[in-house]
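Work through these exercises with the structure open beside you. Try each task before reading its solution.

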Amino acid sequence: MAPTPVRRSGTRVHVVSDVHGNARDLARAGEGADALICLGDLILFLDYADHSRGIFPDLFGVENADRIVELRTARRFTEARELGARLWAGLDGERTQVVEEAVRKQYAELFAAFPTPTYATYGNVDMPPLWPEYVREGTTVLDGQRVEIGGRVFGFVGGGLRTPMRTPFEISDEEYAAKIEAVGEVDVLCTHIPPDVPELVYDTVARRFERGSRALLDAIRRTRPRYALFGHVHQPLVRRMRVGATECVNVGHFARTGTPWALQW
């Protein structure tokens with residue numbers, strides 16, 4: 001679906017992150033914009049606000065979803081992993097097939113909802129090997145790469161860093177830093193995870209610090225992009241702050257708000 005034509009000068013870009021299955025609002029996210037940027041986490045494995053939604057409760061029931069959220073929120077990660085292992089063992093070795101089928105169903109709906117043009121990168125809960133099957137004409141996937149939009153250079157780095165949660169697309173600090181380095185100097189730096197700043201990585205509802213990137217923070221200080229845009233932390237202590245010359249913005253939890261963040265110049 002193409003963005004709705006509007007009469008104005010300049011360029012307007014809408015940015016979303018942490019879509020987590022919200023295909024309905026995603027289909028409207030490009031309206032009034034020249035382009036849509038998606039910073040990842042398309043898939044909904046488990047909704048921490050509504051434990052009945054997502055792949056996990058579909059497979060194992062709401063009671064088990066309640067329990068695993070309780071354990072993770074209490075930072076009892078070992079117990080959460082043990083519970084997960086017992087549940088997955090009950091699938092008789094079909095875990096990969098079952099998960100891929102559920103993910104493919106969501107990806108088919110979500111990629112069909114992307115407007116043209118869309119520029120997207122991966123979140124930590126995404127499964128990059130499956131994306132080529134669903135990317136359509138008009139959607140560009142970037143990771144450790146740059147693109148020009150309306151005369152400004154945008155750099156993209158996807159994925160997350162390794163955590164006790166062990167989500168699907170977590171990579172080493174070294175691999176992540178290499179992608180940041182490959183992007184180099186840009187006007188707008190787009191990532192899934194935030195820079196490693198306490199106010200930006202603390203989730204006030206989950207009551208824990210998520211993992212931000214030190215390499216990303218160092219690059220912001222060194223290369224001074226106009227903006228650093230990211231998501232990942234659903235309820236951050238601070239949504240927007242300056243780091244030197246750079247405006248750092250958490251573009252919001254799109255699964256809940258259904259509203260893109262707008263950048264216009």
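**Exercise 1. The turn after a helix**

Task: Find the residue that follows α8 and say what sign its phi has.

Solution.
- Step 1. Keep in mind that this model is predicted.
- Step 2. Go to the end of α8. Arginine 224 follows the helix.
- Step 3. Read its phi. The value is positive, near 55°.
- Step 4. Compare with the general rule. Most residues other than glycine have a negative phi. Arginine 224 is not a glycine, yet its phi is positive.
- Step 5. Place the residue. Arginine 224 sits in the loop between α8 and β12.
- Step 6. Judge its exposure. The cut-off for exposed is over 50% relative accessible area. Arginine 224 has 55% relative accessibility, so it counts as exposed.

**Exercise 2. The buried face of α8**

Task: Which residues of α8 are buried, and what covers them?

Solution.
- Step 1. Locate α8 at residues 214-223.
- Step 2. Pick out the buried residues: Leu216, Leu217, Ala219, Ile220 and Thr223.
- Step 3. Look down the axis of α8. The buried residues fall within an arc of 160°, so they line one face of the helix.
- Step 4. Recall the helix geometry. An α-helix has 3.6 residues a turn, so residues three or four places apart point the same way.
- Step 5. Find the cover. It includes the helix α6 (173-183) and the strands β9 (188-191), β12 (227-230), β13 (240-243) and β14 (246-250).
- Step 6. Check the start of α8. There, a side-chain oxygen of serine 213 comes within 3.3 Å of the backbone nitrogen of alanine 215.

**Exercise 3. A second helix**

Task: Describe the length of α3, its buried residues and their cover.

Solution.
- Step 1. Locate α3 at residues 62-73, which gives 12 residues.
- Step 2. Take the span from first C-alpha to last. It is 16 Å, close to the 16 Å expected at 1.5 Å a residue.
- Step 3. List the buried residues of α3: Ala65, Ile68, Val69 and Leu71.
- Step 4. Look down the axis. These residues cover an arc of only 165°, which puts them on the same side of α3.
- Step 5. Name the cover. α2 (55-60) and α4 (77-89) are among the elements over these buried residues.
- Step 6. Move just past α3. Arginine 75 takes a positive phi of about 60° there.

**Exercise 4. Unusual backbone in loops**

Task: Where is histidine 232, and is it buried or exposed? Then say what kind of peptide bond joins threonine 116 and proline 117.

Solution.
- Step 1. Histidine 232 lies in the loop between β12 and β13.
- Step 2. Its phi is positive, near 75°.
- Step 3. Histidine 232 has 15% relative accessibility, so it counts as buried.
- Step 4. Turn to the peptide bond. Most peptide bonds are trans. The bond joining threonine 116 and proline 117 is cis, with omega about 0°.
- Step 5. Proline 117 belongs to the loop between α5 (95-113) and β3 (118-120).

**Exercise 5. The whole chain**

Task: How does the radius of gyration of the protein agree with that of a compact globule?

Solution.
- Step 1. Count the elements: 9 helices and 15 strands.
- Step 2. A compact globule of 265 residues would have a radius of gyration near 18 Å, and the protein has 18 Å, which agrees.
- Step 3. Add the spans. The C-alpha trace covers about 55 × 35 × 30 Å along its principal axes.
- Step 4. Add the burial. Buried residues make up 52% of the 265 residues.

Notes
Residues are numbered from 1 along each chain as its sequence is written. This is a predicted model: local features need pLDDT of at least 70, side-chain atom pairs count only at pLDDT 80 or more; totals for chains, interfaces and linings use all residues. Side-chain values use heavy atoms; hydrogens and water are left out. Buried means under 20% relative accessible area, exposed over 50%, partly exposed in between (1.4 Å probe, protein chains only). Helices (H or I, at least four residues) and strands (E, at least two) are DSSP runs, numbered from the N terminus. The arc is that of the directions from the helix axis to the C-beta atoms. Contact means heavy atoms within 4.5 Å. A polar contact is a pair of N or O atoms within 3.5 Å; within protein, one must be able to donate a hydrogen and the other to accept it, and residues adjacent in sequence count only if both atoms are side-chain atoms. The radius of gyration is taken over C-alpha atoms; the globule rule is 2.2 Å times the number of residues to the power 0.38. The expected span of a helix is 1.5 Å times one less than its number of residues.
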